[in-house]
Amino acid sequence: MDAFDLFRKLGAGAKFDFKRFGKDAERFKVMQMLSRMFTEGILWTSSADRKSRGLKEGRDRDKTSMKRLQHLHQEKVNRVRTQHRINVHGCDVPDPVCTFSELLSEYDLNPRVLQNLSAAGLTVPTPIQMQAIPLMMHGRELLACAPTGSGKTLAFCLPLLTHLKQPANLGIRALVISPTRELASQTHRELVRLSEGVGFRVHILDKASMAAKKYVPSSNKKSDILISTPNRLVYLLKQDALDLSSVEWLVVDESDKLFEDGRSGFRDQLAAVFQACSSPRVRRALYSATCAPDVEQWCRLNLDNLVSVNIGHRNSAVETVEQELLFVGTENGKLLAVRDIIKKGFLPPMLVFVQSIDRARELFHELVYEGINVDIIHADRTQQQARACKLPTSSVCNVVLSIFVYLILGRTGRAGRTGRAVTFFTEEDKPLLRSIANVIKQAGCPVPGYMVGFKKIHR
Ligand SMILES: Nc1ncnc2c1ncn2[C@@H]1O[C@H](COP(=O)(O)OP(=O)(O)OP(=O)(O)O)[C@@H](O)[C@H]1O
């Protein structure tokens, strides 16, 4: 029996004085339930009262009060969404939650999970968590877009744990697809941390765990949640070595990366995974840092009664990062500008994003020559080399060169921590400047007016 059933049983036929107790109902967050009971004809004025004043009169009066209260409630919900820049599209969207403890009473969150949350120092949900958690807890299919570092992992982990309730030898019931092994491990860690004391079997499908027999696909009845990269998953599916027919929740994390150019094969992989998750009860959620039109289009075609949630502006830069655009004239000017920033003093570490491996190598040698403590991360380096690239945040001048796209700059502003991002541009970059300046402006950082006035490019 859920909270509404209980409320319905207790309150059936009762009189509710909206004038006197309306505020209390708001305070105790039962307004939605009252309004549902009223619409379903369960909540009335008492029969004696109805008789003495005539049924119609009583009903009409209460209906007006209810409408007014519903209106007030909707206003409050809108205020919360506006304040946290939560944009939703879809029908019958549940209200956002403002505290994790609301999930106990309204959505049956396991108290031990709540305890694990607060032990980890997580007390207030982030905007994406406020809206995506209730949606998934209602079993709604979802496309959730929120900036990097905004807590998307927790936004899907909590509903998965709530949905599964407790460990069961029924096969894999929740599947998370992550684009990289690193992200898969991060999600694995989060799920293990949250489910401590509840006993869920959370497994990661990678070479290491399979070699160590931590996860054996043929005996997947002993697994509740599986996390995997798409390649490995599809490889096993092709060999008929994995049964996904018991999956009830499929989450695709960082879906924009999986759809990036050059990875169009992923769409076929995803289709294969969707097909393998053959249970009629399966629900799907896609999470992503940016709201790419092709991902949105794909979701509209493939998901059922889709709700999309966007936090902030689409493709926006993170607000905790102070963004700056700096004109450096030519390519050589970039090196001079980096040197200048370092000489003026800054709080290490610093990440420098460049466009190619060659460029990273070039800059690396220049900075080493200057006596700067610098390391480099790129795809050609081995996993060990990349892992060994550690950055002590002492007074030593640390620089890491990395190859990423512009918006990943947001990674410096994770979970509310602040950072500074400087984008160098040359004469050649001018055609792209208007779009970048607009993104930075949306994040609330100043940009010279002439930049946003540049001509729009269409492609
Ligand atoms: N409600 C919260 N309160 C405080 N910190 C939180 C909260 N939710 C998540 N975090 C922390 O914020 C950090 C970033 O979260 P997370 O990695 O889930 O972000 P993300 O949106 O998935 O980012 P990315 O797109 O880079 O993967 C983590 O260290 C996480 O523990």
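Here are some short exercises on a predicted model, each with a worked solution.

**Exercise 1. The order of the sheet**

Find in which order the eight strands form the open sheet, and which strands are the edge strands.

*Solution.* Start with the pairing: across the sheet, the order reads E1-E8-E2-E7-E6-E3-E5-E4, and the pairing is mixed. Next, look for strands that pair on one side only; these are strand E1 (86-89) and E4. Finally, take the angle between neighbours: direction ignored, neighbouring strands of this sheet are turned by 15 degrees against each other on average. As a reminder, strands of a sheet pair through backbone hydrogen bonds, either parallel or antiparallel.

**Exercise 2. Strand E5 and its two partners**

Work out in which sense E5 pairs with E3 and with E4, and which residues stand opposite Leu226.

*Solution.* Take strand E3 (residues 174-177) to begin with: its pairing with E5 is parallel, over four bridges. Here Leu175 is the residue opposite Leu226. Now turn to strand E4 (residues 202-205), which also pairs with E5 in the parallel sense over four bridges. On this side, His203 stands opposite Leu226.

Then check the side chains of E5 (residues 225-228): Ile225 and Ile227 point one way, while Leu226 and Ser228 point the other way. All of these residues are buried.

**Exercise 3. A strand pair and a helix across it**

Determine how E2 and E7 pair, and which strands helix H8 lies across.

*Solution.* Strand E2 (residues 142-145) and strand E7 (residues 283-288) are joined by four bridges in the parallel sense. One of the residues to check is Leu142, whose bridge partner in E7 is Ala285. Now add helix H8 (residues 127-137): this helix lies across E1, E2, E7 and strand E8 (307-311). Relative to E8, H8 runs at about 170 degrees.

**Exercise 4. An annotated span**

Describe the span that UniProt places at residues 102-130.

*Solution.* Begin with the record: an unreviewed UniProt entry gives the feature "domain: DEAD-box RNA helicase Q" for this span. Then turn to the model, where residues 102-130 are 66% helix and 0% strand. The end C-alpha atoms of the span lie 10 Å apart.

**Exercise 5. Phe364**

Decide whether Phe364 is buried or exposed.

*Solution.* First locate the residue: Phe364 lies in helix H17 (residues 357-369). Next, count its neighbours: 20 other C-beta atoms lie within 10 Å. The cut-off for a buried residue is 20 or more, so Phe364 is buried. To finish, compare with Val374, ten residues apart from Phe364 along the chain: their C-alpha atoms are separated by 6.9 Å.

How values were computed: Residues are numbered from 1 along each chain as its sequence is written. This is a predicted model: local features need pLDDT of at least 70, side-chain atom pairs count only at pLDDT 80 or more; totals for chains, interfaces and linings use all residues. A residue is buried if 20 or more other C-beta atoms lie within 10 Å of its own, exposed if 12 or fewer, and partly exposed in between; C-beta atoms are placed from the backbone. Helices (H or I, at least four residues) and strands (E, at least two) are DSSP runs, numbered from the N terminus. Two strands pair if DSSP finds at least two bridges between them. UniProt positions are given in the numbering used here, feature names are shortened, and annotations may be inferred rather than shown by experiment. Axes are lines fitted to C-alpha atoms, for helices over the stretch in contact, and angles run from 0 to 180 degrees between N-to-C directions. Two residues are in contact if their C-beta atoms, placed from the backbone, lie within 7 Å.
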